[in-house]
Amino acid sequence: MRHPGCRPAALVLLAVCLIAAALRAGTDETVTIPRARYEELLRKEEELARLRAKLTPDIPDRPSATTGATRALLPGAGASGEAAKSSPPPGAANLPPLPEDGRISAPLLAEYFLRDPATAAARLQNRNLQVIGRVVGFEKPWLTRNYQVLLETDQPAVRVRAVVEPPQGIRGAYVAQGGTVLMVADASGQRRPLLRLGDTATVEGRVKGLRGNVVEMSGCRLLPRP
């Protein structure tokens, strides 16, 4: 019994032999063949093409090497083609060291806690520092002599808040002129402006740490302007 695949294979072999013979004849010299034989060769060639199409498996499309290389060169893409994650900011250990005299700007103090809260707390918490900054607000809680001064940092939503204890010669403090001026009253009852928004102030006190978006300081005193 004949194998089902014998006839296609035999036809393919026959067609290949006939085409090869015709090509060899064409390279040596011009040969004239009968029209019927020529049409038979054409039919064999068409049948050979159909057999090849049936026998050739479908190959799925593969991403080209050029596409992969282009993806790897995209901005922010790593070797896998995925967007590279931004590297974390350096910790507080990489910030400039604290001056020996304990004076620090409000922006730098906030930067310590924002970059590495744990390291900043270990180095700065409960330490007595002199913090210099631009005044951006006042707060005066009820039933207390203390007032609070808010100092600007490099981050719009972050502040350094110093709770200031007035000296014995000051009877009290209050905020006036729409919150733009901090007024104090001395022992004789005379009132005078102490601070205005935009002034540069220096407060000395203990650093308590970062709470939300505020670096807290307590037990502070307002140092006189140079």
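Read along the sequence, the protein chain runs α-α-α-β-α-α-β-β-β-β-β-β-β-β. That comes to 5 helices and 9 strands. Helices (H or I, at least four residues) and strands (E, at least two) are DSSP runs, numbered from the N terminus. The model is predicted: local features need pLDDT of at least 70, side-chain atom pairs count only at pLDDT 80 or more, and totals for chains, interfaces and linings use all residues. Residues are numbered from 1 along each chain as its sequence is written, and side-chain values use heavy atoms, with hydrogens and water left out.

**Whole chain**

Colour by accessibility. Buried residues make up 28% of the 226 residues in the protein chain. Buried means under 20% relative accessible area, exposed over 50%, partly exposed in between (1.4 Å probe, protein chains only). Now turn to contacts, meaning heavy atoms within 4.5 Å. Among contacts in the protein chain with a separation of 6 or more, residues 24 or more positions apart account for 49%.

**Stop 1: helix α4 and the core**

Select residues 106–115, helix α4. Its buried residues are A106, L109, A110, E111, Y112 and F113. Check the N-terminal end of α4, which S105 caps. There, a side-chain oxygen of S105 lies 3.3 Å from the backbone nitrogen of L108.

Next, show the largest nonpolar core, which has 32 residues. A nonpolar core is a set of buried Ala, Val, Leu, Ile, Met, Phe, Trp, Tyr and Cys residues joined through side-chain atoms within 4.5 Å. Which members touch the most others? They are L109, V131, L151, V160 and M217. Helix α4 supplies the largest share of this core, 5 residues.

Centre on M217. Leaving aside neighbours within four places in sequence, its contacts include L109, L129, V131 and V160. V203, G205 and V207 are also among the contacts of M217.

**Stop 2: α4 against α5**

Add helix α5, residues 117–124. The axes of α4 and α5 are 5 Å apart, and the helices pack at an angle of about 130 degrees. Axes are lines fitted to C-alpha atoms, for helices over the stretch in contact, and angles run from 0 to 180 degrees between N-to-C directions. α4 and α5 are therefore oblique to each other. Angles under 35 degrees count as roughly parallel, over 145 as roughly antiparallel, 65 to 115 as roughly perpendicular and the rest as oblique.

Show side chains at the interface. From α4 come L109, Y112, F113, L114 and R115; they meet P117, A120, A121, R123 and L124 in α5.

Stay on A121 in helix α5. Buried or partly exposed? At 23% relative accessibility, A121 counts as partly exposed. Now pick V207 as well. A121 and V207 are 86 residues apart along the chain, yet their C-alpha atoms are separated by 8.9 Å.

**Stop 3: strands β4, β8 and β9**

Select β4, residues 159–164, and β9. They run parallel and are joined by 5 bridges. Two strands pair if DSSP finds at least two bridges between them.

Add β8, residues 200–211. β8 and β9 pair in the antiparallel sense over 7 bridges. R211 has V214 in β9 as its bridge partner. The hairpin of β8 and β9 has 2 residues between the strands, and G212 takes a positive phi near 70 degrees.

Zoom in on R161 in β4. Opposite R161 stands E216 in β9. A polar contact of 2.4 Å joins the side chains of R161 and E216. A polar contact is a pair of N or O atoms within 3.5 Å; within protein, one must be able to donate a hydrogen and the other to accept it, and residues adjacent in sequence count only if both atoms are side-chain atoms.

How is E216 placed, buried or exposed? At 10% relative accessibility, E216 counts as buried. Beyond its neighbours within four places in sequence, E216 is in contact with R161, R206, V207, K208, G209 and R211. With the same neighbours set aside, R161 contacts include E139, Q148, V149 and L150.

**Stop 4: the three-stranded sheet**

Select β5, β6 and β7. They form an open sheet of 3 strands, in the order β5-β6-β7, with antiparallel pairing. β5 (170–176) and β7 (191–196) stand at the edges, each with a single partner strand, so one side of each is left without a neighbour in the sheet. From one strand to the next, the twist averages 30 degrees.

Finish on β6, residues 181–186, which pairs with β7 over 5 bridges. Pick M183: its bridge partner in β7 is P193.
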